[in-house]
Structure formats: structure tokens, C-alpha cells
Amino acid sequence: MNLGQEILNKFEDKKIDSFKFCQLVKEEHEGILKSSVGVKAIREKKRGFKEFVEEIIPISFYIRKKWALDKKLFVTWCGSKKGLDGSTIRYDGLVDQVGIAVDIGNFEPKFYLEVTSAILKNQHLADQLLNEEGGHFAVKGISKQRDGKVISEVISFNDTEYVDEFCERLFDIIVTKLTKEYPDKTVLIVCCTMDILYTSNDWKLLESKIRNKIINDKFIEIFIYDSTAEHFFTIIKANHY
């Protein structure tokens with residue numbers, strides 16, 4: 001059994017206390033970074049590593065933002081078992097909540113998780129360059145030549161150009177999710193991979209643009225965060241409260 005599958009087996013279809021879940025994610029992530037094959041396997045999206053980075057880590061980040069003194073959370077990552085009983089409706093995770101705040105109706109006792117990523121279209125080429133050459137310039141400047149060679153060229157962005165372009169990418173991803181069927185009481189987690197340095201004002205601009213463009217009439221909330229700087233914001237379902 002490879003390392004990636006060993007990692008998944010520690011999470012798949014197991015109901016885990018949220019503190020233990022996040023601690024386990026931290027330990028496994030550190031182990032991957034220290035291993036001789038881990039980082040390369042992540043970039044190549046090998047089985048196990050891909051699911052860990054694209055689903056389990058984002059769930060851990062979201063859960064950490066939901067801790068409170070008056071409730072306790074339990075997390076299940078569903079892995080390949082993503083369907084409701086007797087249904088084709090799919091999901092990535094499940095959260096059970098108990099405590100006073102749940103008993104009085106402030107929080108749902110159970111809700112589902114759908115996880116997705118907002119990355120630029122050439123991110124896979126950027127990962128290839130990282131493995132082969134150790135670095136690259138902005139993803140927008142990466143291209144694949146007719147002979148198969150991947151090159152990275154220096155480019156520049158004007159004013160809010162980068163935010164505008166990433167906003168369109170993020171918008172398309174969210175809209176696609178809004179058109180699909182999910183269980184009632186589902187949270188959408190969107191992990192953004194921003195490939196250049198940006199300021200807090202850039203993130204605020206992105207948030208403003210997305211809030212003005214998205215009408216969330218499906219998910220309990222849409223939780224959007226950046227995997228590097230850990231900025232985040234939430235779009236609550238219209239008329240949910």
C-alpha cells in the first residue's frame with residue numbers, strides 16, 4: 001500500500017472529533033513535507049495525495065473557523081463513499097454538531113460538505129515546472145509549446161487586472177456548483193490558489209466583486225478562502241436566517 005492510500009485510510013468514512021481531525025491533518029501534512037516523495041506526489045496529483053490536499057486540508061481549515069465553546073463538532077470525510085443512501089446525490093464530507101447552541105436551534109445538528117478548488121487553468125503546468133525546474137513565474141505566463149516543452153515567461157499585471165481575472169475564474173467555478181444537486185444543508189468550501197503576492201486590499205476587492213456577482217440560493221454557506229495567506233469570507237444562503 002502506498003503512502004497516499006495509507007493517509008486516506010486514516011480518514012475515510014470515520015467520524016472523528018474535530019480537534020483530533022485537525023491535529024491528524026497537521027501531522028499527516030508535516031509527514032508528507034518531510035518525506036522524499038511527498039511534495040512531488042502532491043504536484044503530480046497522485047492518488048491519496050490529491051484527495052488529501054484538495055479535500056481533507058480544506059475541510060480542516062473550514063472546521064477550525066467553526067469551533068465554539070457551546071458546541072462540539074465531529075467530522076467525517078467520505079472518500080469514495082459520497083452518495084446519500086439510495087441516491088445519486090454526492091458530497092465530500094459530513095459534520096455532526098452537539099451542544100447547547102445546537103439544542104436551542106442556533107446551529108444545524110448535521111450538515112454536508114462539498115469541496116472544490118479555484119485554480120488558474122495552467123496550474124498543472126506550473127506544478128510540472130516546479131517538479132522539473134524548481135520554480136516558475138506567474139501562471140498566466142506559462143504555456144506549452146508544440147514540441148511539448150513547457151515555458152514560463154515574465155508578465156506584468158495592471159492595477160486590478162489579476163483580481164479581475166481570478167474573480168472570473170472563481171465565479172465560473174461557484175456558478176457550476178450552484179447548478180448541481182447536493183443534499184439539503186450543504187456547505188460549499190472553495191479553496192483558492194493565488195499564484196502571486198497580493199495585498200489585503202486585493203482580497204477585499206475580490207470579495208466585493210464575488211458578493212456582487214453571486215446569489216447563493218443553494219448552500220447553507222459558501223466558504224471561500226486562500227490556501228496561502230488564509231484570508232477567507234462567507235456568503236450565507238439568501239434568507240437562511
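The following exchange concerns the largest pocket and two helix pairs of a predicted model.

Biologist: From what pLDDT do side-chain atom pairs count in this predicted model?

Modeller: Residues are numbered from 1 along each chain as its sequence is written, and side-chain values use heavy atoms, with hydrogens and water left out. Totals for chains, interfaces and linings use all residues, whereas local features need pLDDT of at least 70 and side-chain atom pairs count only at pLDDT 80 or more.

Biologist: Which helix gives the most to the lining of the largest pocket?

Modeller: The largest pocket (an open set of points on a 1 Å grid over the protein atoms alone, where a 1.4 Å probe fits, with protein on both sides within 12 Å along at least five of seven lines) has a volume of about 1200 Å³, the volume being the space filled by probe spheres set on the points. Its lining, meaning residues with an atom within 4 Å of a point, comprises 38 residues, and I42, V53, E54, T193 and S227 lie nearest the centre. Elements supplying at least two lining residues include α2 (18-34), α3 (38-43) and β4 (110-118), but the most, 10 residues, comes from α4.

Biologist: How are α2 and α4 oriented to each other?

Modeller: Their axes, lines fitted to C-alpha atoms over the stretch in contact, lie 10 Å apart at an angle of about 140 degrees. Angles under 35 degrees count as roughly parallel, over 145 as roughly antiparallel, 65 to 115 as roughly perpendicular and the rest as oblique. The two helices α2 and α4 are therefore oblique.

Biologist: Which residues of α8 make the contact with α7?

Modeller: Helix α7 (residues 161-178) packs against helix α8 (residues 200-213) at an angle of about 40 degrees, with the axes 10 Å apart, and α7 and α8 are therefore oblique to each other. Taking contact as heavy atoms within 4.5 Å, α7 contributes V163, D164, F166, C167, E168, L170, F171 and I174, and α8 contributes D202, L205, L206, K209, I210 and K213.

Methods:
Helix = DSSP H or I, 4+ residues; strand = E, 2+ residues; numbered from the N terminus. Axes fitted to C-alpha atoms, helices over the stretch in contact; angles between N-to-C directions.
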